[in-house]
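Here are a few exercises to work through with the model open beside you. Try each task before reading its solution.

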Amino acid sequence: MAKKLHIKVAKTAGFCFGVKRAVYLANEAPKRYPDQQIRTLGPIIHNPQVVNQLNEMGVKQVDQICELEQGVVIIRSHGITRQLTQKLEQNPDLTVTDATCPFVRRAQEIVAEMSEAGYQVIILGEPDHPEVAGLISYGDPKHTLVISNQDDIPAGFFTKRKPPRIALLAQTTQSQQLYNEIALSLLSIKGELRCFNTICTATSDRQSEALELAKSCDCMIIIGGRNSANTNRLHELCQERQAASYHIETAEDLQSEWFFDKQTVGISAGASTPQWLIDEVLKSLQNLP
Ligand code: SF4
């Protein structure tokens, strides 16, 4: 007789708002521009199955701007630099569809507005992340700084303008606690501090729910691209709480021996995992031999 597992799926599993919007725009592009070549600049989202599906529809990925001569180009959910956007828009043979998440776009606008108003902009984020590269590009290079923690603020950064006027914001996926700590430490500097909380809760909401679920399950299955940082982090956190946590990309990665001695299985998925992949995993688990 087939084994009956009790399966609990996290409510927050799967696409966040920004990814849903980007994938929708990419799916709609062939209908809106039926006679044109459609390309995404870099992967539209970090999920290989979605990227492959779009590829089959003719929405292919290019990695360099020089590969784009004509047609439609879709900008990915975590945005690109201002200079790259301007280059794309200056090409009269290209139609730009901007799938940058509105939360990321808002953060770019804040950097631009604050820089123009003469503030020293501090961005809490990973210096090499494409979203951060995009944010920096909207600021005045001499007065925009990226930090990963408080110690990254160089001595003398605030001495050029007296009293300093500081605008603090963050990459959308940063830790709220770290942002608060840095904001508090900047309060001691005599000058003006403007805090813009640009952190999006999509990632932290998925993490808190998955951790809560792990408490009541014998095993966790985390679904998502191996190139998806938020999926990897979700898996790492669950592993810290629940040793039996497995990161899979598709239902084919499931192994029945993982569940021999298990009763309750929790499922969560990164913000770039589509619902159909979650459904396939659920179906396979329900039909385990
Ligand atoms: S995680 Fe948040 S900021 Fe990033 S794409 Fe999703 S909704 Fe937008």
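**Exercise 1.** How many residues apart in helix α7 are Lys215 and Glu212?

Solution. Some ground rules before the count: this is a predicted model, where local features need pLDDT of at least 70, side-chain atom pairs count only at pLDDT 80 or more, and totals for chains, interfaces and linings use all residues. Residues are numbered from 1 along each chain as its sequence is written, and side-chain values use heavy atoms, with hydrogens and water left out.

- Lys215 and Glu212 sit three residues apart in helix α7, so about one helical turn separates them. Helices here are DSSP runs (H or I, at least four residues), strands likewise (E, at least two), numbered from the N terminus.
- Lys215 makes a salt bridge with Glu212, with 3.1 Å between the closest N and O atoms. That term needs a side-chain nitrogen of Lys or Arg within 4 Å of a carboxyl oxygen of Asp or Glu.
- At 55% relative accessibility Lys215 counts as exposed, while Glu212, at 47%, counts as partly exposed. The cut-offs are under 20% relative accessible area for buried, over 50% for exposed and in between for partly exposed (1.4 Å probe, protein chains only).

**Exercise 2.** Work out which salt-bridge partners Glu109 has in helix α4.

Solution.

- Take Arg105: its salt bridge with Glu109 has the closest N and O atoms 3.9 Å apart. The two residues lie four apart in α4 (residues 102–116), about one turn.
- Now Arg106: its side chain meets that of Glu109 at 3.4 Å, N to O.
- Zoom out, and Arg105, Arg106, Glu109 and Glu113 are linked in a network of salt bridges.

**Exercise 3.** Find the largest nonpolar core and follow it to α9.

Solution.

- A nonpolar core is a set of buried Ala, Val, Leu, Ile, Met, Phe, Trp, Tyr and Cys residues joined through side-chain atoms within 4.5 Å. The largest one has 28 residues, and Ile221, Phe259, Val281 and Leu285 have the most contacts inside it.
- Elements giving two or more residues include β10 (219–223) and α9 (275–286); β10 gives the most, with five.
- Beyond its neighbours within four places in sequence, Ile221 is in contact (heavy atoms within 4.5 Å) with residues including Trp258, Phe259 and Val281.
- In α9, Leu277, Ile278, Val281 and Leu285 are buried. They cover an arc of only 100° around the axis (taken from the directions from the helix axis to the C-beta atoms), so they lie on the same side of α9.
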